[in-house]
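User: Can you walk me through this one? I'm new to this.
Analyst: Sure. Here it is.

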Number of protein chains: 2
Amino acid sequence: MLQANADIDNGEELTERQQAVLDAALRLLVEEGDNLTMTAVARRASCSKETLYKWFGDRDGLLTATVQWQASKVRVAQVDGRGMDVASLTASLERFASDWLKVISSDTSIALNRVAVSHAGSGKDNLGAVVLENGRFALARRLKPVLEAGRLAGLLDFSDAETAFRTFFGLVGRDVQIRLLLGDRLELTEATIGGDAVRATQQFLALFGAKTRPQGL
Amino acid sequence: MLQANADIDNGEELTERQQAVLDAALRLLVEEGDNLTMTAVARRASCSKETLYKWFGDRDGLLTATVQWQASKVRVAQVDGRGMDVASLTASLERFASDWLKVISSDTSIALNRVAVSHAGSGKDNLGAVVLENGRFALARRLKPVLEAGRLAGLLDFSDAETAFRTFFGLVGRDVQIRLLLGDRLELTEATIGGDAVRATQQFLALFGAKTRPQGL
DNA sequence: AGAGAACCGTAACGTACGGTACTGCCATCT
DNA sequence: AGATGGCAGTACCGTACGTTACGGTTCTCT
């Protein structure tokens, strides 16, 4: 599998045309799900099947390239913990929660997660790992420094950042992702997302907020 | 789709032989995922394909029947809220959390959710709805009376049982289900499940436990 | 015992799709 | 201008699998 361009790790090394093809594949993936055909992709992208195979090796290669291409598009700015107070910490957490909810409720995320989940069943590729790496684990990498900074500023109290993160993850996501993946209609308006973000943040602070305000800094 | 026995709603109305066939299909589903073939099911169940089609209509019919058959097997005892104190409430919540974690980390649940998720993409059947109904919503139906009883006993304080349930759901499940569905190796031993259950329960009580002990009853 | 249905095992059919080969067009290079 | 190479478009091949058909066997009921 994936012989031609086995080195498509990030969104680099892709020509404009190739990116356009992957965008077409992505749109088709959102519309059709995992039962998109190579012919359909070629038609949508106005390219030949032979080109698809030359560039991406095989169907799995095209799919992983598509997923990684989408992943490379969502790089988010880092938050720095300098001069952190309870207000800025709260704002950061709410921002993360809101962003995350928006991501997992987006059509593309749902489609990508669906195909990744089904592929994870029969281990022909590592789509699941890719999605996991650019989803849940990327979120952890971006959020943990904030949590650590909050602890350093005496605002948070936890022993293990991983555990704290997972709790936050659970408070934010709850049953949303699995329900959406299973096809539940669940309209997440801007308003409800905002409300859920502050709720989750408040709950998280109630659980992990430092009782005292120590080591003033 | 599913013309022959369109009325397989619950596990009733199934002969012994049919149940055996569905068990075979279930085992095969766990092993092979969604790419099980009708031939393989027939071979595993020692029955003919003609019988499969006569009983279940088509492939989708067989799959939904299999999912419903598995769902019908997990009926759990109800908890009654009589004479509830903080200890029994805690025990109930921990029990629910532990059971739920055991379910979602089981091989069969993972396999069933995987196929349901992938089928939810292309709406050819309602596998997603079936799984949702017998999973997340069944859990809510069973847990909410406990929460209400806890509130009535003055142990819990919440305005909306649904919101409280969803928080509990998030605290228990966190990232477990999506990670497992995406193929993450995540060994949930009996010990870690137990630990997670008490942690989630403690966190839930910290968020929703009544501050005062009112309306003694 | 005998008729009839249910059912097993398997062969056969049709189709959808992944993958490959071929042809001709267009752009770039010399 | 002629040559070269990348690519669109399409025809083609092989295969896997859903679905159907059928002969032979076992079970059931009378």
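Analyst: One definition before we look. Ala, Val, Leu, Ile, Met, Phe, Trp, Tyr, Cys and Pro count as nonpolar. Asp, Glu, Lys and Arg count as charged, and the others, Gly among them, as polar. Keep in mind that this is a predicted model.

User: OK. How do the residues near DNA strand C divide into nonpolar, polar and charged?
Analyst: The surface near DNA strand C has four nonpolar, seven polar and seven charged residues.

User: Which ones come nearest to the strand?
Analyst: There are 18 residues around DNA strand C. Those that come nearest are Thr37(A), Asp58(A), Cys47(B), Ser48(B) and Thr51(B).

User: And which elements give two or more residues there?
Analyst: From chain A, α2 (38-45) and α3 (49-56) do. From chain B, α3 (49-56) does. The largest share comes from α3(B), with four residues.

User: Switching topic. How many helices and strands does chain A have?
Analyst: Chain A has 11 helices and zero strands.

User: What box do its C-alpha atoms fill?
Analyst: Along the principal axes, the box for chain A is roughly 65 × 35 × 30 Å.

User: How much of chain A is buried?
Analyst: Chain A has 217 residues, and 39% of them count as buried.

User: What about contacts in chain A between residues at least 6 apart in sequence?
Analyst: Of those contacts, 73% join residues at least 24 apart.

User: Now the two chains. What turn lays chain A on chain B?
Analyst: A turn of 180°, with a shift of 0.0 Å along the axis. The RMSD is 0.1 Å. The two copies are therefore related as by a two-fold rotation axis.

User: Which C-alpha of chain A is nearest the axis?
Analyst: That of Gly170(A), 2.1 Å from the axis.

User: How many residues are in contact between the chains?
Analyst: 34 residues of chain A are in contact with 33 residues of chain B.

User: Which elements of chain A supply at least two residues each to that side?
Analyst: They are α6 (107-121), α7 (127-134), α9 (161-173), α10 (176-181) and α11 (190-208). α6(A) gives the most, with seven residues.

User: How does that side divide into nonpolar, polar and charged?
Analyst: The side of chain A that touches chain B has 14 nonpolar, 12 polar and eight charged residues.

User: Last one. Why do you say the copies meet through the same surface?
Analyst: Because 97% of the interface residues of chain A are also interface residues in chain B.

Notes. Residues are numbered from 1 along each chain as its sequence is written. Chains are lettered from A and ligands numbered from 1 in the order in which they are written. This is a predicted model: local features need pLDDT of at least 70, side-chain atom pairs count only at pLDDT 80 or more; totals for chains, interfaces and linings use all residues. A residue is near a molecule or strand if its C-beta atom, placed from the backbone, lies within 6 Å of it. A residue is buried if 20 or more other C-beta atoms lie within 10 Å of its own, exposed if 12 or fewer, and partly exposed in between; C-beta atoms are placed from the backbone. Two residues are in contact if their C-beta atoms, placed from the backbone, lie within 7 Å. Copies are superposed by least squares on the C-alpha atoms of residues with pLDDT of at least 70 in both.
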